[in-house]
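User: I would like a close look at one part of this model, namely the charged side-chain pairs and the helices that carry them. Please take the pairs one by one and say how exposed each partner is.

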Amino acid sequence: MTEQATIIDFLSASLRGLEASGRAILSPHQQKLADDIAASLDRELEDMVKQLEAVASCQQEEDDDTPEEELPPFEAFCAGLKRIGGTLLPHLMQEFVKLCETRQVPTAPFSWIIRARADAFVAYLLQVAQVHGLAFDDSLTKVGRNEQIALANLGADLRVVMQRELDKLD
């Protein structure tokens, strides 16, 4: 049995990707601010993940945007994660903006901090969907074509939300 990746694993991978893309060099004072903002966001992200993991089930709600018939369990789970991500990604971005405002620094030089955490959170939600989504459908033993499409749609939808929120920082 393979061990499930944690949010820290996703964050580490995201940060490595950002470093490879050539993140700007910060002054010692800017680095201290960046470390402080990052630590605060890490605590917020950890709290969000703990709350998510405490949720026993993700039930489908009545929504004007959903078709009359109920979605298959795996797709309903993905729809629930999309709603969660659509709420928590903007929340994480707002926390970042507040942290920057509190320290009286612009968001732009430190946007890599929130980008890495938002990217890690999206990857984490996709893993949750893939690993735990099967548990919501007793007839599934592996991720099939429909489930792969649902995962791809979830990933695309979450990345759109993430990018929209990042664009607001500019």
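Analyst: What follows goes through the salt bridges pair by pair, then turns to a neighbouring topic on helix H5 and to the cysteines. The model is predicted, and the values below are computed from it.

Side chains of opposite charge can pair when their charged atoms come close. Counted with a cut-off of 4 Å between a side-chain nitrogen of Lys or Arg and a carboxyl oxygen of Asp or Glu, the structure has seven salt bridges, and three of them are described here, beginning with Arg117 and Asp42.

The side chains of Arg117 and Asp42 meet with an N to O distance of 2.6 Å. Arg117 belongs to helix H4 (residues 111-132) and Asp42 to helix H2 (residues 28-54), so this salt bridge ties together parts that lie 75 residues apart in sequence. The two partners fall into separate accessibility classes: Arg117, with a relative accessible area of 3%, is buried, whereas Asp42, with 28%, is partly exposed.

Helix H4 also takes part in a second pair, in which Asp119 forms a salt bridge with Arg159, the closest N and O atoms being 2.8 Å apart. This pair, too, links distant parts of the chain, since Arg159 is in helix H5 and Asp119 in helix H4, 40 residues apart. Both partners count as partly exposed, Arg159 at 33% relative accessibility and Asp119 at 23%.

Helix H5 covers residues 145-167 and includes Gln163, a residue that counts as partly exposed because its relative accessibility is 31%. Gln163 and Arg115 are 48 residues apart in sequence, yet their C-alpha atoms are 8.9 Å apart in space.

The third pair joins Lys168 and Glu165, whose closest N and O atoms are 3.1 Å apart. Here the partners have opposite labels, for Lys168 counts as exposed at 57% relative accessibility, while Glu165 counts as buried at 8%.

As for covalent links between side chains, a disulfide is a covalent bond between the sulfur atoms of two cysteines, and the structure holds zero disulfides. Cys78 counts as buried, with a relative accessibility of 4%, and Cys100 is likewise buried, at 0%.

Taken together, helix H4 is paired with helix H2 through Arg117 and Asp42, and with helix H5 through Asp119 and Arg159.

Definitions and conventions
Residues are numbered from 1 along each chain as its sequence is written. This is a predicted model: local features need pLDDT of at least 70, side-chain atom pairs count only at pLDDT 80 or more; totals for chains, interfaces and linings use all residues. Side-chain values use heavy atoms; hydrogens and water are left out. Helices (H or I, at least four residues) and strands (E, at least two) are DSSP runs, numbered from the N terminus. Buried means under 20% relative accessible area, exposed over 50%, partly exposed in between (1.4 Å probe, protein chains only). A disulfide is a pair of cysteine sulfur atoms within 2.5 Å.
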